[in-house]
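Biologist: I would like to learn how to read a model like this one. Can we go through it feature by feature?

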Amino acid sequence: MRRYILLFLFSILYIFPFYYMILVALRPEVLSFSMNILPKNLTLENFERIFKYHSFGRYFLNSLIVSFSGAFFSTLFAFLCAYAFAKEDFPLKNFLYNIFVSTLLVPGILFMIPQFLIVVYLGWLNTFWGLVVPHLANVFGFIFLTEYIKKIPDDLIHSALIDGASKFLIIFKIIFPLSLPMLLTIFLLSFQFHWNNFLWQLLVTTKSNMFTIPVGLASLSSMYQEYYGAKMSGATLSILPIVILFLIFQRYFIQGIIRGGLKF
Amino acid sequence: MKRFFPFIFIIPFLIIFILFLFLPLFFSLYISFCKIENYYNIFESLKFVGLNNFLKLLKDPEIIWSIIASFIYGILYVPLLVIISLFLANLLNNPLLKLKRFFRTIYFFPFLLDTFVVGIVLTLIFAFPYGFIYKILSYLKLSNFFKRGFLQDPYLVFLTVSISMAIKNSGFGMLLFLAGMQSIPESIYEAARIDGANSIQIFKKITFPLIKPIVYFVAFFGFIGAFSAFSEFYSMTGGGPQINILNYTLSETSVSGLVLYRFASQLKLPEAASFSFVLFILFLIIYFSTKKYREV
């Protein structure tokens with residue numbers, strides 16, 4: 001019984017801030033600091049304001065474009081690369097693998113300036129290229145997929161080769177369907193990464209028509225230091241897609257994290 | 001030629017990797033020895049200045065402090081992260097527990113959210129003096145002890161951010177610990193219980209030693225997270241509060257991440273590049289000097 005009480009108290013600690021966020025977002029501005037934690041006097045005026053005066057619709061669209069294209073291409077590239085490392089043999093294989101893996105041990109922020117230099121050099125500030133392309137090499141996903149594809153029996157591939165299938169046919173008719181659960185996991189984790197990639201997006205966007213949701217939220221929060229209603233409605237919008245994806249695909253998120261952690 | 005055929009599959013990944021992770025490192029090393037003469041034409045007007053940028057950095061008290069601040073944050077954050085995650089995992093690790101998946105989902109949920117957004121939400125909770133926590137404190141007649149606000153008080157600000165972020169990210173460690181604990185065979189526990197061990201002894205003598213590698217893993221990734229800290233301070237403190245150390249006025253929570261961002265956003269690219277190399281070398285020193293603790 002004691003265990004359940006503790007578990008329950010902790011749940012409140014983990015969930016309450018987000019409940020309170022939604023509550024403040026749905027309240028008139030004057031009631032932001034009301035201590036009443038029951039949903040009363042609800043209104044959508046905060047949401048109307050951020051859509052009307054701060055083009056959050058545009059930010060939302062930008063975030064979706066960045067996250068979808070980022071997740072799609074990084075998963076595709078990692079998948080092709082993982083296939084080669086799992087089932088093919090070629091020069092420098094181990095060397096490349098070790099170099100890829102070693103970048104995982106370096107804090108991301110140390111790559112930020114080098115990447116930023118290249119983006120400035122290429123003139124990619126305020127473009128979708130600059131937002132997405134530098135993060136398309138998903139090393140984490142590559143390692144998961146390599147391990148996963150290694151477990152697919154070689155016999156399947158050999159028998160397809162005997163039947164005259166080409167390498168590309170094998171990849172898309174055999175390897176791809178069999179690694180679909182893992183691909184979905186990588187896609188979701190990568191989507192979440194791009195959706196939350198705040199620092200990078202803050203750095204490469206200076207024009208408000210290229211802002212993503214978190215960057216828009218940052219500009220909103222420096223504009224309205226004390227007006228929490230608008231900030232919280234922005235925050236609510238920004239976590240919404242992740243919440244929805246998480247609730248639908250919970251299993252894949254959780255498996256991905258556990259697999260990734262225990263692989264190391 | 002046939003030996004090189006599989007490179008077709010690697011090339012997209014490899015190009016991105018080389019262009020945005022590998023080459024930039026050398027490019028930025030080069031730039032960190034240069035000076036920009038003309039900001040309208042950055043890359044044509046680079047002039048070699050030797051170690052100048054590095055010497056300037058090491059003389060700047062704000063830079064030195066930002067490194068120290070990152071370490072203070074790491075030293076507070078990493079142990080908290082490990083302890084909270086272990087605690088949650090231990091609470092959930094009971095085969096008879098009902099609603100286990102429900103609780104696991106709740107504890108894991110904040111980990112998926114953007115640190116920046118969570119920070120913005122927490123500024124509401126910690127808002128001074130009308131925020132939720134202060135209302136509760138004043139209701140309990142405790143508000144006299146906290147006259148400056150958790151995020152404004154120089155003595156509390158690091159602790160507040162560390163605890164918040166340790167709680168936010170604890171779901172990650174919890175999942176890994178839980179997976180590790182569940183792979184320990186039940187018979188070991190039974191034997192211990194028959195010998196009369198209590199639950200604290202069981203945790204100390206059986207569970208903990210068996211999941212030690214995972215503890216190191218979580219601590220190591222926690223440390224990498226603390227080293228990269230940016231969003232948490234950008235959203236919750238903005239670098240403040242101001243403090244006085246050795247006659248220098250410094251922004252207390254202006255961690256390395258904030259300094260790097262400031263350099264880059266002002267297009268002070270040589271300074272940014274040289275500072276990130278200083279951090280990189282520091283990281284390598286820490287990484288290799290703690291290596292023997294990580295090997296099991």
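Biologist: Is Asp89(A) buried or exposed, and how do I decide?
Modeller: This is a predicted model. Use the relative accessible area: over 50% is exposed. Asp89(A) has 62% relative accessibility, so Asp89(A) counts as exposed.

Biologist: Which side chain does Asp89(A) meet in a salt bridge?
Modeller: Start with the general idea. Side chains of opposite charge can pair when their charged atoms come close. Here, Asp89(A) pairs with Lys93(A), at 4.0 Å from N to O.

Biologist: How many salt bridges does the structure hold over all chains?
Modeller: The count over all chains is 7. Among them is the pair of Lys56(B) and Glu271(B), with N to O at 4.0 Å. This pair links distant parts of the chain. Lys56(B) belongs to helix H2 (residues 52–59) of chain B, and Glu271(B) to helix H12 of chain B. The two are 215 residues apart.

Biologist: What about Glu62(B) and Arg262(B)?
Modeller: Their side chains also form a salt bridge, 3.5 Å from N to O. Again, distant parts of the chain are linked: helix H3 (residues 61–92) of chain B holds Glu62(B), and helix H11 (residues 256–265) of chain B holds Arg262(B). They are 200 residues apart.

Biologist: How do I class the accessibility of Glu62(B)?
Modeller: Between 20% and 50%, a residue is partly exposed. Glu62(B) has 41%, so Glu62(B) is partly exposed. Arg262(B), at 33%, also counts as partly exposed.

Biologist: Now the cysteines. How many disulfides does the structure hold?
Modeller: A disulfide is a covalent bond between the sulfur atoms of two cysteines. In this structure the number is 0 over all chains. Two cysteines are worth a look for accessibility. Cys81(A) has 0% relative accessibility and counts as buried. Cys34(B) is buried too, at 1%.

Biologist: Let us turn to the interface. How many residues of chain B are in contact with chain A?
Modeller: Count residues on each side. Chain B contributes 90 residues, in contact with 91 residues of chain A. Then ask for area. The two chains bury about 8500 Å² between them. Of that, 85% is on carbon and sulfur atoms.

Biologist: Which residues of chain B lose the most area to chain A?
Modeller: They are Phe9(B), Phe13(B) and Phe20(B). Together they make up 10% of what that side buries. Next, ask which element contributes. Helix H1 (residues 7–31) of chain B gives the largest share of the side that touches chain A, 17 residues. By class, that side of chain B has 72 nonpolar, 13 polar and 5 charged residues.

Biologist: How many salt bridges does the rule find across the interface of chain B and chain A?
Modeller: The rule finds 0 across that interface. Polar contacts are a separate matter. There, the rule finds 10 residue pairs, with both residues at pLDDT 80 or more.

Biologist: Show me single residues that touch chain A.
Modeller: Take Ser276(B), in helix H12 (residues 269–289) of chain B. Buried means under 20% relative accessible area. Ser276(B) has 2%, so Ser276(B) counts as buried. Leave out residues up to four places away in sequence, and Ser276(B) touches Leu110(A), Ile113(A), Pro114(A) and Leu260(B).

Modeller: Ile224(B) is another case. This residue lies in helix H9 (residues 199–227) of chain B. Ile224(B) is buried, at 8%. Beyond its neighbours within four places in sequence, Ile224(B) contacts Leu104(A), Leu105(A), Pro107(A) and Phe283(B).

Biologist: How many residues of helix H5 (residues 115–125) of chain B are buried?
Modeller: For a helix, count its buried residues. In H5 of chain B, 11 of 11 residues are buried, and the helix is mostly covered. Thr115(B), Phe116(B) and Gly119(B) are among them.

Biologist: Which residues is Ser235(B) in contact with?
Modeller: Setting aside neighbours within four places in sequence, Ser235(B) contacts Thr115(B), Phe116(B), Gly119(B), Ile120(B) and Thr123(B). Those five are among the buried residues of H5(B). Ser235(B) itself sits in helix H10 (residues 231–236) of chain B. At 11% relative accessibility, Ser235(B) counts as buried. Its side chain reaches the backbone oxygen of Ser231(B) at 2.8 Å.

Notes: Residues numbered from 1 in each chain as written. Chains lettered and ligands numbered in written order. Predicted model: local features only at pLDDT ≥ 70, side-chain atom pairs only at ≥ 80, totals over all residues. Heavy atoms only, no water. Contact = heavy atoms within 4.5 Å. Buried area = accessible area lost by both parts, 1.4 Å probe. Polar contact = N/O pair within 3.5 Å; in protein donor to acceptor, adjacent residues only side chain to side chain. Helix = DSSP H or I, 4+ residues; strand = E, 2+ residues; numbered from the N terminus. Nonpolar A, V, L, I, M, F, W, Y, C, P; charged D, E, K, R; others polar. Buried < 20%, exposed > 50% of the residue type's maximum accessible area, 1.4 Å probe, protein only. Disulfide = S-S within 2.5 Å.
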